[in-house]
Amino acid sequence: MIITLVTLHLIPFPSQAVVVYPGLPKCRSGLVLGIYSSEKDEGAAQFTSAGDAFDRLVSGKLRELLCGPPLKKGKTRIFHGLHQDFPSVVVVGLGKKNPGVNDQENWNEGKENIRAAVAVGCRQIQDLEIPCVEVDPCGDAHAAAEGAVLGLHEYNELKQKKKPVVTPQLHGSAESEAWQRGVTYAEGQNLARYLMEAPANYITPIKFAEHIEQKLRSFSNVKVHIRPESWIATQEMGAFLSVAKGSAEPPIFLEIHYLGGANTNDSPLVFVGKGVTFDSGGISLKPSSGMDAMRADMGGAATVCSAIVTAAALNLPLNIIGLAPLCENMPSGKANKPGDVVRAKNGKTIQVDNTDAEGRLLLADALCYAHNFKPRAIVNAATLTGAMDVALGSAATGVFTNSSWLWTHLYEASVLTGDRVWRMPLFEHYTKQVTDCPLADLSNIGKYSRAGGACTAAAFLKEFVTASHWAHLDIAGVMSNKDEVPYLRKGMAGRPTRTLVEFAARLSQDGRNTK
Ligand code: BES
Ligand code: ZN
Ligand code: ZN
């Protein structure tokens with residue numbers, strides 16, 4: 001049913017006036033409504049204000065239908081034919097009303113519940129092949145929008161049979177600005193998911209760079225430089241080049257300048273992302289089982305570049321530089337061999353004891369280069385070590401930082417986004433294990449091999465940092481989702497893009513105070 005409204009129409013809800021704008025063709029829409037579960041009040045449904053209003057619109061029928069035990073968190077009930085504008089209504093349990101920040105879980109539980117509930121509801125509408133869904137803001141339109149846009153995302157670019165496209169819209173108009181911000185945050189994460197999920201023969205270094213350039217083309221305050229191999233050589237990035245030369249696919253150094261700050265010369269935040277578009281391990285070849293997942297070894301580059309695209313869309317008032325060394329790690333006659341020694345941009349020599357520890361080689365040079373911008377802070381993200389996944393699994397990104405100021409901002413951002421961070425150590429203890437090296441200044445693996453692998457990798461990166469506000473985010477554990485995050489489908493996760501965006505948003509409010 002297509003209804004075109006010609007006049008500005010105020011639907012007379014007793015508790016809330018909902019404005020429907022004229023001229024927009026309204027497609028057949030599903031409706032997702034949240035409902036709280038009240039422990040004490042068995043039987044009395046605790047509606048959100050949108051739920052209440054809808055119940056009045058259908059003369060209390062919804063309340064009647066929902067009598068009985070309260071709907072548990074994440075559980076749904078679906079009703080057809082309640083109202084002509086909404087042929088299908090999904091009611092979904094939100095859990096307790098306003099639970100706030102959970103100090104054990106380190107996240108805002110109310111927001112997290114809304115994301116999960118809305119995602120489930122929207123997917124049910126998608127399964128019914130209804131092209132539009134109106135979503136109850138559930139008291140937090142930003143979180144509801146994230147749940148809808150993240151929950152509906154799926155990579156099916158290369159399949160002939162695709163899931164139906166469903167467009168989520170805010171039900172009512174009271175919180176449209178917060179809704180739109182939530183949509184923008186979620187679309188940022190979906191961009192990272194797209195780039196990570198895509199096969200490595202589709203997202204090569206140059207294709208990655210062109211995709212990001214295209215996303216940033218419309219912003220007049222953004223400049224994108226796609227640096228070729230010859231430029232990388234003139235920069236004396238010998239560590240990065242040593243990895244890249246093993247592949248037939250040429251490397252790219254992607255450099256993005258987003259100038260949203262009050263002054264173009266305000267000290268920038270510099271984001272650096274590991275961009276290995278495929279990590280076979282090189283001569284230290286990985287086992288073949290599960291190797292396909294290494295198409296997402298550019299997750300660091302994907303999340304930081306997507307965060308900048310999102311910052312530009314939000315017009316955040318700060319300057320951000322994005323740096324992504326992009327290449328493949330392949331075995332060949334030109335590849336690094338175990339025991340080879342290479343020289344990084346800052347002159348330090350590195351013995352490549354394991355060619356599969358390639359990410360730190362790219363990052364070493366990119367981190368040296370990052371210092372040219374006199375940054376306010378440097379934040380790098382990388383799917384760096386399997387050991388990070390062993391340590392924390394997919395619960396949180398591991399953060400290694402020399403700055404408690406930076407840590408606080410990242411942590412506070414993550415409590416809001418629900419895409420959590422956990423602080424990890426940068427002890428001298430680990431530094432000793434990478435500097436004790438027979439042929440060079442540094443070895444690219446710790447001398448006790450697997451022990452504390454995420455920490456020795458971070459200690460290695462620290463050797464290329466002189467900035468006093470630097471954080472390394474090891475995102476290997478959060479690279480993909482099975483079913484742990486309920487509002488993400490199975491696949492590459494694009495985490496922690498929203499935390500990076502929220503962090504940048506906070507930094508833009510923090511003036512230039514870095515103490
Ligand atoms: N890209 C991998 C790390 C990785 C593993 C990311 C699993 C996501 C999921 C990285 O380049 C790597 O292979 N690291 C080695 C380091 C080791 C040789 C010291 C690892 O973790 O095994
Ligand atoms: Zn590797
Ligand atoms: Zn890797």
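Is Phe373 buried or exposed, and what is its relative accessible area? Phe373 is buried, with a relative accessible area of 17%, a value that falls under the 20% limit below which a residue counts as buried. The legends that follow describe a predicted model, and they begin with the aromatic residues to which Phe373 belongs.

**View 1. An aromatic cluster is formed by Trp231, Phe240, Phe253, Tyr369 and Phe373.** The structure holds 10 aromatic pairs. In one of them, Phe240 and Phe253, the ring centres are 6.5 Å apart and the planes meet at 55°, so the pair is tilted. Phe240 belongs to helix H8 (residues 238-244) and Phe253 to strand E14 (residues 252-259), so that, at 13 residues apart, the pair links distant parts of the chain. Both rings lie in buried residues, since Phe240 has a relative accessible area of 0% and Phe253 likewise stands at 0% relative accessibility. Tyr369 and Phe373 also form an aromatic pair, here edge-to-face, with 5.5 Å from centre to centre and 85° between the planes. Tyr369 is buried at a relative accessible area of 6%, and its partner Phe373 is buried at 17%.

**View 2. The zinc ion (ligand 3) sits in an octahedral site.** The coordinating residues are Lys274 through NZ, Asp279 and Asp297 through OD, and Glu358 through OE, at distances of 2.0 to 2.4 Å. Six donor atoms surround the zinc ion (ligand 3), and the angles among them run from 76 to 174°. For comparison, the ideal angles for six octahedral donors are 90 or 180 degrees. Along the chain, the donors of this ion follow the spacing K-x4-D-x17-D-x60-E. Two of them come from distant parts of the chain, 23 residues apart: Lys274 lies in the loop between strand E15 (269-273) and strand E16 (275-279), whereas Asp297 lies in the loop between E16 and helix H9 (299-314). Lys274 and Asp297 are both buried.

**View 3. Asp279 coordinates two zinc ions, ligand 3 and ligand 2.** The distance between the zinc ion (ligand 3) and the zinc ion (ligand 2) is 3.2 Å. Around the zinc ion (ligand 3), Asp279 acts through OD and is joined by Lys274, Asp297 and Glu358.

**View 4. The largest pocket has a volume of about 1,000 Å³.** Its lining is made up of 38 residues, and those closest to the centre of the pocket are Lys286, Asp356, Thr385, Gly386 and Ala387. Helix H10 (359-370), helix H11 (386-392) and helix H14 (453-462) each supply at least two residues of this lining, and H11 gives the most, with four residues. By residue type, the lining of the largest pocket divides into 11 nonpolar, 17 polar and 10 charged residues.

**View 5. The largest cavity has a volume of about 60 Å³.** The count of cavities of 30 Å³ or more comes to two. Thirteen residues would be shown for a full lining of the largest cavity, and of these Ser242, Val243, Asn329, Asn336 and Thr355 lie nearest its centre. The lining of the largest cavity divides into six nonpolar residues, six polar residues and one charged residue.

**View 6. The backbone has a cis peptide bond from Arg495 to Pro496.** Omega of this bond is near 0°, and Pro496 is found in the loop between strand E26 (491-492) and helix H15 (497-509). As background, most peptide bonds are trans, and most residues other than glycine have a negative phi.

**View 7. Glu129 and Cys138 have positive phi values, although neither residue is glycine.** Phi of Glu129 is near 60°, and this residue is placed in the loop between helix H3 (109-127) and strand E11 (132-135). Phi of Cys138 is near 55°, and its place is in the loop between E11 and helix H4 (141-152). In accessibility, Glu129 is exposed, with a relative accessible area of 57%, whereas Cys138 is buried, with a relative accessible area of 5%.

Note on methods:
Residues are numbered from 1 along each chain as its sequence is written. Chains are lettered from A and ligands numbered from 1 in the order in which they are written. This is a predicted model: local features need pLDDT of at least 70, side-chain atom pairs count only at pLDDT 80 or more; totals for chains, interfaces and linings use all residues. Side-chain values use heavy atoms; hydrogens and water are left out. Donors are N, O and S atoms within 2.8 Å of the metal (3.2 Å for Na, K and Ca); water is not among the atoms, so sites may look incomplete. Four donors count as tetrahedral if all angles lie between 85 and 135 degrees; four count as square planar and six as octahedral if opposite donors are over 155 degrees apart and all others between 65 and 115; anything else is irregular. Buried means under 20% relative accessible area, exposed over 50%, partly exposed in between (1.4 Å probe, protein chains only). On a 1 Å grid over the protein atoms alone, a cavity is a set of points where a 1.4 Å probe fits but cannot get out, and a pocket is an open set with protein on both sides within 12 Å along at least five of seven lines; lining residues have an atom within 4 Å of a point. Grid points are joined across faces, edges and corners, and a volume is the space filled by probe spheres set on the points. Ala, Val, Leu, Ile, Met, Phe, Trp, Tyr, Cys and Pro count as nonpolar, Asp, Glu, Lys and Arg as charged, and the others, Gly among them, as polar. Rings of Phe, Tyr and Trp (its six-membered ring) pair if their centres lie within 6.5 Å; planes under 30 degrees apart count as stacked, over 60 as edge-to-face and the rest as tilted.
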